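Dear colleague, please find below some notes on the model you sent for review. They are arranged as numbered points, to be read alongside the coordinates.

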Amino acid sequence: MAGNRDKHAGRGATPATRLLDQHKVRYTVRHYEHDAGAPSYGLEAAEKLELPPEAVYKTLMVDLGGHLAVAMVPVALNLDLKKFAALMGARKAVMADRHEAEKRTGYVVGGISPLGQKHSSPAGIDNRVELLDTVYVSGGRRGLQIGLSPFDLIRLTHAVTAPIAAVPA
């Protein structure tokens, strides 16, 4: 069923869910109680929702020398900044300042969704996503995940796919 407003459980829609509804994309909404002390927002979501970590993607805002871009990788992996910079045609990439990421997206860190951002940014996603039937990303606030087709996510974010994730050292 496209649009799942009733499944927001009275917690209200987010820009991400409104975008999905607007485009009539099929998705599911999953809520969990966020622990502010969790060391990894993404791994916390996977664990609490009993989802495989390879199906849950984190949204990272990256500074490409003065402009921001969106990177999406599985929560158990790291972003390879050199590969991401090359993918985006930049000389180098560093993680964006928290304040700048929040200002650009309209979301708070830990709840940044790749969908429905205040200002759109170029996007890249790890190509492992193409092997999934459903990918889960932040729904626009901590404790909210959205499950959707990887191809809908790629289409709506205009993401380029490439091997941009790295195993943590």
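Where does glycine 116 lie?

1. Glycine 116 and its setting. In this predicted model, glycine 116 belongs to the loop that runs between α4 and β6. Its relative accessible area is 23%, so the residue is classed as partly exposed; the limit for a buried residue is under 20%. Not counting residues up to four places away in sequence, glycine 116 touches Pro15, Ala16, Leu19 and Tyr107. The C-alpha atoms of glycine 116 and aspartate 97 are separated by 20 Å, with the two residues 19 apart along the chain.

2. Glutamine 117. Glutamine 117 is found in the loop between α4 (98-105) and β6 (123-126). It counts as buried because its relative accessibility is 14%, and the cut-off for that class is under 20%. With neighbours within four places in sequence left aside, its contacts are Thr59, Met61, Val70, Thr105, Tyr107 and Ile112.

3. The two ends of α4. At the N-terminal end of α4, aspartate 97 acts as a cap, with a side-chain oxygen 3.0 Å from the backbone nitrogen of histidine 99. After α4 comes glycine 106, which has a positive phi near 85 degrees.

4. Helix α1. This helix covers residues 15-22, and its buried residues are Ala16, Thr17, Leu19, Leu20 and Asp21. Those buried residues pack against three elements: β1 (27-31), β8 (144-148) and α5 (150-157).

5. Positive phi outside glycine. Most residues other than glycine have a negative phi. Which value does phi take at lysine 24? It is near 55 degrees, a positive value in a residue that is not glycine. Lysine 24 comes just after α1, in the loop between α1 and β1. Its relative accessibility of 65% is the reason why lysine 24 counts as exposed. Glutamate 50, also not a glycine, has a positive phi of about 55 degrees. Its place is the loop between α2 (41-48) and β2 (57-63), and glutamate 50 is exposed because its relative accessible area is 74%. You may wish to inspect the backbone at both positions.

6. The open sheet. In which order do the five strands of the open sheet stand? The order is β5-β2-β3-β6-β9, with mixed pairing. The edges are held by β5 (94-95) and β9 (160-162), each of which has a single partner strand, so one side of each is without a neighbour in the sheet.

7. Strand β3 and its partners. Strand β3 is mostly covered, with seven of its seven residues buried. It pairs with β2 in the antiparallel sense over seven bridges, and methionine 72 of β3 is the bridge partner of threonine 59. Four residues lie between the strands in the hairpin of β2 and β3, where glycine 65 has a positive phi near 80 degrees. With β6, β3 (residues 68-74) pairs in the parallel sense over three bridges; here valine 70 stands opposite alanine 123 of β6. Threonine 59 and valine 70 are also among the contacts of glutamine 117.

8. Helix α5 over the sheet. α5 lies across β3, β6 and β9. Relative to β6, α5 runs at about 160 degrees. As noted in point 4, α5 is also one of the elements against which the buried residues of α1 pack.

9. Nonpolar cores. How many residues does the largest nonpolar core have? It has 39, and Leu115 and Leu148 are those with the most contacts inside it. Leaving aside neighbours within four places in sequence, leucine 148 is in contact with Leu20, Val25, Arg26, Tyr27, Leu115, Asp133, Thr134, Val135, Val137 and Leu153. A second core, separate from this one, has 16 residues, including Leu77, Phe84, Ala90 and Ala162.

10. Database annotation. An unreviewed UniProt entry lists residues 44-156 as "domain: YbaK/aminoacyl-tRNA synthetase-associated". In the model, the end C-alpha atoms of residues 44-156 lie 25 Å apart, and the span is 24% helix and 27% strand.

Conventions
Residues numbered from 1 in each chain as written. Predicted model: local features only at pLDDT ≥ 70, side-chain atom pairs only at ≥ 80, totals over all residues. Heavy atoms only, no water. Core = buried A, V, L, I, M, F, W, Y, C linked by side-chain atoms within 4.5 Å. Buried < 20%, exposed > 50% of the residue type's maximum accessible area, 1.4 Å probe, protein only. Contact = heavy atoms within 4.5 Å. Helix = DSSP H or I, 4+ residues; strand = E, 2+ residues; numbered from the N terminus. UniProt positions renumbered as here; feature names shortened; annotations may be inferred. Pairing = 2+ DSSP bridges. Axes fitted to C-alpha atoms, helices over the stretch in contact; angles between N-to-C directions. Polar contact = N/O pair within 3.5 Å; in protein donor to acceptor, adjacent residues only side chain to side chain.
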